[in-house]
Structure formats: C-alpha cells, structure tokens
Amino acid sequence: MNITEPKYPPKIIVTGDLIKSGLYICIPENINKSSAVPELRIYEVGARDGLQNESKFVPTDIKIELIHKLAAAGIKNIESASFVSPKWVEQMSDGTEVMKNLKRTSGVNYPVLIPNLKGYETAKKCNIEEIAIFPAGSEGFSQKNLNCSVEEGLKRFKLVADQAVKDGIRVRGYVSCVLGCPYDGPISPKTIARITEELFSMGCYEVSLGDTIGVGTAGSVRKLMKEIVAVTTPDKLALHFHDTYGQGLSNLLAGLEFGIKTVDSSISGLGGCPFARGASGNLATEDLVYFLYGLGVNTNVDLVKLVEAGRYISNFLAKPPASKVNLALGDRFKNHEDIIKMAACTV
Ligand SMILES: CC(C)(COP(=O)([O-])OP(=O)([O-])OC[C@H]1O[C@@H](n2cnc3c(N)ncnc32)[C@H](O)[C@@H]1OP(=O)([O-])[O-])[C@@H](O)C(=O)NCCC(=O)NCCSC(=O)C[C@@](C)(O)CC(=O)[O-]
C-alpha cells in the first residue's frame with residue numbers, strides 16, 4: 001500500500017505582529033499563509049439548509065430574527081430562504097415573506113436557493129441579489145431531490161442561470177453528494193469535476209462542494225480536491241460539510257491545504273436534507289469560528305453573539321445546540337477576546 005507522508009500534526013508558527021498585540025495566534029506551517037491570513041469567507045446556511053429539515057414549521061418572524069442575529073454577529077453571507085416547491089419542502093414555503101420583511105444590513109449578502117424558473121421568477125420579486133442552484137452529483141439523489149436525472153437538472157439550472165446572469169443577479173452553484181450518495185454509494189471525483197465545470201460555464205461565480213450526508217474524511221476530501229483543482233482555482237470553490245460522522249473540521253483542514261477561501265456552515269449545527277437518507281446537520285458555525293480563531297484566521301465574527309444566535313434558534317426548536325463549542329462555552333466566557341485567546345492558546 002502506498003501511504004503518503006502525513007502533513008499533520010503541523011509545525012506551529014506564531015505570527016509576530018499578533019504577539020505584540022497580546023493575542024497569540026498560531027498557523028500550521030503547511031497552510032499557505034496568504035490563504036490562512038487574514039480572512040476566510042463564511043457562508044451561513046442555517047436559515048435554509050438548517051431549517052429545511054425541521055419538521056415543525058418555524059414561524060416567519062423567528063426565521064427573520066435568526067437572520068438578523070447572524071448578521072449582528074458579523075456573518076456576511078446568509079443563505080436566507082429557498083423558493084422550492086412547497087409540496088416538497090413546506091418549511092421553506094414562506095420565502096417571499098422572509099425576503100420581503102428582512103431588515104438588510106449593508107454589506108451582508110442574502111442569497112436564496114432556486115430549483116427552477118418558477119422559483120426564480122418568484123424570488124426575483126423579492127429584490128434578491130444572489131441565487132444558488134443545486135444539481136446533484138449522483139443520479140439517485142437527483143431523482144429524490146429534484147425529481148429528474150442529473151443531466152435534466154443541469155439543463156433546468158442552466159435556464160435559471162442564463163436568466164439570472166441577464167438580470168445581473170449573481171449565481172452560486174452547489175454540487176451535492178460529492179463524497180458519497182445515500183442511494184448510489186461512492187461517487188467518482190471526475191463526475192463531480194465535470195459538473196463543477198459545467199456550473200462555471202453557466203456563469204456561477206463560485207461552486208460549493210457538498211458532502212450532503214457527511215461521509216467524507218480528510219483522505220477522501222484530498223482525493224476530490226486534487227481532481228477539482230485541475231479544472232478550476234481553489235478561490236472559486238467553497239466546501240460544505242455535513243457533520244454526520246464528526247469529520248467536518250478535519251475535512252475542512254484538508255480543504256484549506258488546497259487554498260480554499262470559503263466554507264459553508266450552519267448555526268448550531270442545524271441542517272440536513274429531507275431527501276438525503278441519513279443526512280445530519282452541517283458543520284456548526286460556532287465550531288468553525290472557534291477553529292478558525294485557533295488557526296489565526298480572521299473571521300470578523302463575534303463568537304459571543306454567534307453563540308447567542310445559536311441558543312436563540314435551539315431554544316425555539318427545544319433542543320440543545322449540535323455545536324460542541326456552543327455547549328462547551330456555557331456561560332463561562334462572555335468576553336469575545338477571552339474566547340479568542342483560549343482558541344488560539346500557544347503558551
Ligand atoms: C424541483 C422540483 C420543483 C420538481 O418537482 P416536481 O414535482 O417534479 O415539479 P412540477 O414542475 O411537476 O411541480 C409540482 C408542483 O409544485 C409546483 N412548483 C414547482 N416548482 C415550484 C417552485 N419553485 N415554487 C413553487 N411551486 C413550485 C408546481 O406548480 C406544481 O404545483 P401543482 O400544479 O401540482 O399545484 C422539486 O423537486 C423541488 O422543489 N425540489 C427541491 C427539494 C429541496 O428543496 N431539497 C433541499 C435542498 S437541496 C440540499 O439541501 C442540498 C444542498 C444544496 O444543501 C447541498 C448539500 O447539502 O450538499
């Protein structure tokens with residue numbers, strides 16, 4: 001068996017100017033410094049991917065308040081609704097009310113998920129600036145999620161993307177089941193690379209690679225990334241991990257090695273897809289932010305406010321947050337700077 005030399009545990013370096021500021025921040029040496037510092041873009045999916053899986057209808061004002069709290073915590077990209085068929089996902093049937101009643105914070109992006117032209121036309125009336133389209137990486141999931149084949153789905157999404165590009169609306173693409181499908185099993189990275197290329201050819205500015213059922217590992221992420229960076233540059237990619245097997249953060253670390261600049265996550269680890277058997281919540285945003293502080297990556301997110309947002313929605317859903325960081329912080333750390341120091345501790 002040919003085993004490649006493990007890159008981890010990394011050698012830790014401590015950055016000079018941050019030492020002077022009193023904050024000890026460490027960066028694994030083999031993460032490209034230009035990509036690790038100063039920023040990594042967080043794309044929050046809790047209000048959409050998170051809530052779509054909840055069986056009890058979440059009232060519109062609660063959804064909106066969650067989005068407001070996320071923006072107040074400093075999250076700059078908040079996927080806020082979807083315009084899918086209410087016959088398929090009733091939870092998302094109030095997309096119009098959500099988008100029309102949101103108080104938008106300047107500098108915050110509020111994309112919405114669109115399955116077809118019908119959904120696009122409805123969303124367009126809500127003053128949207130960005131949409132996300134979502135072909136599947138596997139036939140089995142495409143049939144369950146979109147009621148059509150992968151190729152038919154791509155044709156549908158091209159119609160949507162063409163119209164959005166004409167209207168000056170940004171288009172983001174997702175590919176789902178990139179590391180495995182609940183119906184078809186393992187998926188070839190070459191298939192995912194081909195769909196990714198197709199999404200870029202439709203005008204997507206970014207493609208998010210979705211491990212919809214959370215079966216990926218750092219090893220399978222590396223294999224996938226090698227194939228994908230052969231067809232595009234890492235700065236145009238996002239990673240979207242469900243945390244079913246607890247691999248979300250180690251998967252992300254594998255992605256960071258390739259220079260990934262955007263990560264999807266969900267407040268309180270909410271999430272899952274009603275049509276993906278076995279899918280659980282996404283990588284929790286609180287866990288992601290804590291992890292990134294430890295790497296010295298600037299997120300511009302206030303972890304205390306983020307934890308509050310997570311507790312707000314968890315309390316409403318009457319279940320504990322699935323974020324370990326949210327649970328662990330308890331009420332002990334109310335000061336954002338103290339939390340950063342703890343996450344980044346080197347002494
Ligand atoms: C694509 C369809 C619509 C096909 O569904 P279909 O049943 O084949 O579509 P249809 O055209 O036959 O329409 C059926 C009915 O829905 C209506 N309809 C049709 N479209 C819309 C629309 N946009 N808005 C409102 N209504 C709509 C349409 O008008 C009709 O109503 P009727 O005539 O029976 O009264 C359906 O399969 C669908 O909505 N699928 C979306 C499922 C979904 O939301 N899944 C979760 C999101 S994907 C995900 O979570 C993965 C991701 C992105 O996060 C990545 C990852 O995690 O890895």
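Q: Where does the ligand sit in this structure?
A: Happy to start there! This is a predicted model, and in it the ligand sits in the largest pocket.

Q: Which residues around the ligand come nearest?
A: Here a residue counts as near if one of its heavy atoms lies within 4 Å of the ligand. There are 28 residues around the ligand, and Gln52, Lys87, Asn145, Asn147 and Thr212 come nearest.

Q: How many residues of each class does the shell have?
A: Sorting by class is a handy way to read a shell. This one has 12 nonpolar, 11 polar and 5 charged residues.

Q: Which helices each supply at least two residues of that shell?
A: Those are α3 (46–50), α6 (117–124) and α7 (139–146).

Q: Which polar side-chain atoms should I look at?
A: A polar contact is a pair of N or O atoms within 3.5 Å. Try Asn145, where a side-chain N or O atom is 2.8 Å from a nitrogen atom of the ligand. Oxygen atoms of the ligand also have partners: Ser85 offers a side-chain N or O atom at 2.9 Å, and Trp88 has a polar side-chain atom at 3.1 Å.

Q: How much of the ligand's accessible area does the protein cover?
A: On its own the ligand has 1,100 Å² of accessible area, and the protein covers 76% of that.

Q: What does the UniProt annotation say about residues 40–307?
A: The unreviewed entry labels them "domain: Pyruvate carboxyltransferase". Over that stretch the chain is 40% helix and 13% strand, with the end C-alpha atoms 19 Å apart.

Technical notes. Residues are numbered from 1 along each chain as its sequence is written. This is a predicted model: local features need pLDDT of at least 70, side-chain atom pairs count only at pLDDT 80 or more; totals for chains, interfaces and linings use all residues. Side-chain values use heavy atoms; hydrogens and water are left out. UniProt positions are given in the numbering used here, feature names are shortened, and annotations may be inferred rather than shown by experiment. Helices (H or I, at least four residues) and strands (E, at least two) are DSSP runs, numbered from the N terminus. A polar contact is a pair of N or O atoms within 3.5 Å; within protein, one must be able to donate a hydrogen and the other to accept it, and residues adjacent in sequence count only if both atoms are side-chain atoms. Accessible areas come from the Shrake-Rupley method with a 1.4 Å probe; for residues, only the protein chains shown count as cover. On a 1 Å grid over the protein atoms alone, a cavity is a set of points where a 1.4 Å probe fits but cannot get out, and a pocket is an open set with protein on both sides within 12 Å along at least five of seven lines; lining residues have an atom within 4 Å of a point. A molecule sits in a cavity or pocket if more than half of its atoms lie within 2 Å of its grid points. Ala, Val, Leu, Ile, Met, Phe, Trp, Tyr, Cys and Pro count as nonpolar, Asp, Glu, Lys and Arg as charged, and the others, Gly among them, as polar.
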